Amino acid sequence: MKGKAEIHEFVRELLTASGDDGPLADHDSLLLSGRLQSIDAVEIVVFLEENFGIDFAQIGFDRDQIDSIDAIYALVQSAATGN
Amino acid sequence: MQDNQAQAVVEKILHMHPGVREAAAVHDGHDGFVAFVVPDELLMDGISVRGTAGSTLLGKWQKTFDLSQLSKEAASAPVGFNTIGWNSSYTRQPIPAEEIKEWVENTVEDILLLSPTSVYEIGCGTGMLLMRIAPHCDRYVAVDFSPVVLSRLREQLRTVPSIAERVETMERRADNFDGLGENAFDTVVINSVAQYFPSVTYLTKVLENAIHIVRPGGHVYVGDVRNLPLLRAFAASIELFQSEDEIKAGELRDRIRRRVEREQELVLSPAYFLSLRQQIPKLSRVDIRPLRGRADNEMSRYRYEAILHVGQDAEASCEDEFLDWTERSYSLKEIRSILGENPNKRIGIKRIQNARIEKDLAALAVLRDADAELTVGGLRHGFEETSSKGIHPQDILDLEFQGLGFSVVLSWAACSPDGNYDACFVPAVLQQGVAMPAINWPEPEASEFVCTANAPGQGRLRKELIDHLAAHCSQNLPLEMVPRNFMLVDKLALTPGGEVDSRALLAARNASCWP
């Protein structure tokens with residue numbers, strides 16, 4: 001299974017594309033802090049749907065779920081274990 | 001070589017580039033030529049925007065709205081008042097419900113003034129307008145591109161059969177008018193939706209079709225439109241609000257520039273809507289109004305409504321003359337006195353300083369020239385001490401309810417980059433039951449028609465085009481003829497005689513400059 005490193009790399013690409021080359025820690029807020037815009041959340045969602053089989057239509061969606069690399073990784077692990 | 005010969009050569013070389021639809025070279029009188037280029041829109045719009053998923057901007061917005069309705073809060077939102085996703089750009093927190101309520105109610109009132117009976121609403125969302133307007137109509141067709149949003153709306157409609165019986169819902173894109181006949185409706189509503197359109201070309205296609213399906217005497221209401229001439233002031237106000245005191249002015253200016261360049265939503269000048277009058281013969285008149293309301297938020301400060309009158313419209317009175325507020329700084333008391341002395345005359349006042357955003361504009365002016373090393377904390381102190389000189393638009397509108405016998409209409413049609421607005425006071429005795437009198441509003445300067453929309457999601461593409469054009473000119477022109485600057489524009493300003501209006505183009509360029 002792909003892991004945290006891939007998620008980190010993906011988020012880093014999104015930030016760079018937005019002109020944000022600042023430091024990125026796994027617990028940093030991405031959406032609620034305004035570093036990424038709401039339309040960037042779609043990129044993360046599509047990435048999770050395509051690479052980790054997460055179905056947001058089933059589990060519901062809140063920005064908190066994908067607001068940091070830690071949160072995204074927890075979501076991925078939760079989906080993998082079926083919780 | 002003569003200047004005009006050199007200009008012709010530069011323009012010829014520019015036209016040879018495949019990304020160029022129209023081009024003009026103008027000597028700025030100092031450094032050399034500036035190239036003004038209308039890009040080939042098919043080429044620009046045809047290239048996918050940034051996106052690792054390879055999706056289009058429109059697809060991303062659709063998914064954003066789909067996601068917004070998958071939260072627990074959305075599932076429990078009251079019928080006709082689902083405010084999920086309405087977040088402040090300043091605080092990133094939800095905009096208070098009472099502010100959304102005022103915004104909705106004012107919007108509904110403005111649409112009901114158009115006396116709609118058969119409505120086609122593009123981007124109906126979860127029905128905030130529909131639930132309030134449909135009860136006044138015989139037929140209400142509501143379309144949205146998000147299946148999740150429409151599903152939520154249909155669930156809510158089932159609980160209100162008296163409204164549901166006159167409403168049809170359709171899942172389709174805004175530019176899909178299949179099966180809709182000419183003059184089929186009297187009103188098309190596009191509220192708080194145009195900002196999610198991928199380009200101004202797309203919007204124009206939608207509006208051409210919308211006007212086609214509206215019968216003469218009807219209207220296309222485009223509401224909650226983000227204002228391009230004030231985009232930088234809006235960006236500056238957000239960045240200033242969010243910046244820590246120790247940030248330097250130079251860094252803040254960079255953040256403002258990045259925010260404007262990264263803008264993902266379509267932002268439009270009122271001049272765009274005014275220019276449609278030349279393109280669409282069925283369009284007879286355009287009114288541009290700042291939003292009403294007391295709430296202090298980004299909608300009331302920086303957005304407007306464009307009301308497109310379709311066919312058969314009364315001629316505007318030729319008598320409208322406007323007092324210039326900037327010459328006398330009329331107070332509300334003085335305006336009341338003028339109205340009292342002229343009870344039977346239409347009175348216009350132009351260029352009223354806008355108290356809603358005057359501090360933002362003052363801060364922007366100071367920031368533009370501030371030493372790069374000054375801190376935001378120091379600058380902010382100065383901004384906060386600026387006293388208010390203008391008049392709140394709602395204070396002018398409220399004059400209508402003070403027994404003076406006038407109705408009041410505001411306009412932002414002049415596209416004033418300082419956010420000033422115009423007002424017209426119409427005596428009730430002259431209004432004769434016309435809800436929206438035709439008024440000869442002050443028109444924008446020619447330079448305001450040069451750039452009438454941003455290009456969301458195309459920042460990188462447009463920068464690449466400019467780099468290509470610069471390289472192309474360097475390869476094909478002697479050094480002294482290579483333009484020093486390139487500016488992508490929506491339209492080349494022309495003089496009444498049909499010549500390129502150099503003065504207007506240079507004015508547009510100067511207005512776009514930011515340190």
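This note comments on the contact between chains A and B and on selected elements of chain B in a predicted model.

1. Interface. Chain A contributes 20 residues to the contact and chain B contributes 17 residues. On the chain B side, helix α3 (residues 57–68) supplies the largest share, with five residues. That side divides by class into seven charged, six polar and four nonpolar residues.

2. Sheet of chain B. An open sheet of seven strands follows the order β5-β4-β3-β6-β7-β9-β8 (chain B), with mixed pairing. Each of β5 (167–171) and β8 (283–290) of chain B has a single partner strand and stands at an edge, so one side of each lacks a neighbour in the sheet. On average, and ignoring direction, neighbouring strands are turned by 15° against each other.

3. Pairing at β8(B). Strands β8(B) and β9 (residues 303–310) of chain B run antiparallel and are joined by seven bridges. Within β9(B), L308(B) is the residue opposite V286(B).

4. Helices on the sheet. Helix α7 (residues 147–158) of chain B packs on the sheet, where it touches β4 (139–144) and β5 of chain B, and its direction makes about 160° with that of β5(B). Helix α9 (residues 200–213) of chain B also packs on the sheet; the strands it touches include β3 (118–122) and β6 (185–191) of chain B, and its direction makes about 145° with that of β7(B).

5. Helix α10(B). The end C-alpha atoms of helix α10 (residues 231–242) of chain B are 17 Å apart, which agrees with the 16 Å expected for twelve residues at 1.5 Å a residue. Nine of the twelve residues of α10(B) are buried, among them R232(B), F234(B) and E239(B). Their cover includes α11 (249–261) and α16 (358–369) of chain B.

Key. Residues numbered from 1 in each chain as written. Chains lettered and ligands numbered in written order. Predicted model: local features only at pLDDT ≥ 70, side-chain atom pairs only at ≥ 80, totals over all residues. Contact = placed C-beta atoms within 7 Å. Helix = DSSP H or I, 4+ residues; strand = E, 2+ residues; numbered from the N terminus. Nonpolar A, V, L, I, M, F, W, Y, C, P; charged D, E, K, R; others polar. Expected span 1.5 Å × (residues − 1). Buried ≥ 20, exposed ≤ 12 C-beta atoms within 10 Å, placed from the backbone. Pairing = 2+ DSSP bridges. Axes fitted to C-alpha atoms, helices over the stretch in contact; angles between N-to-C directions.
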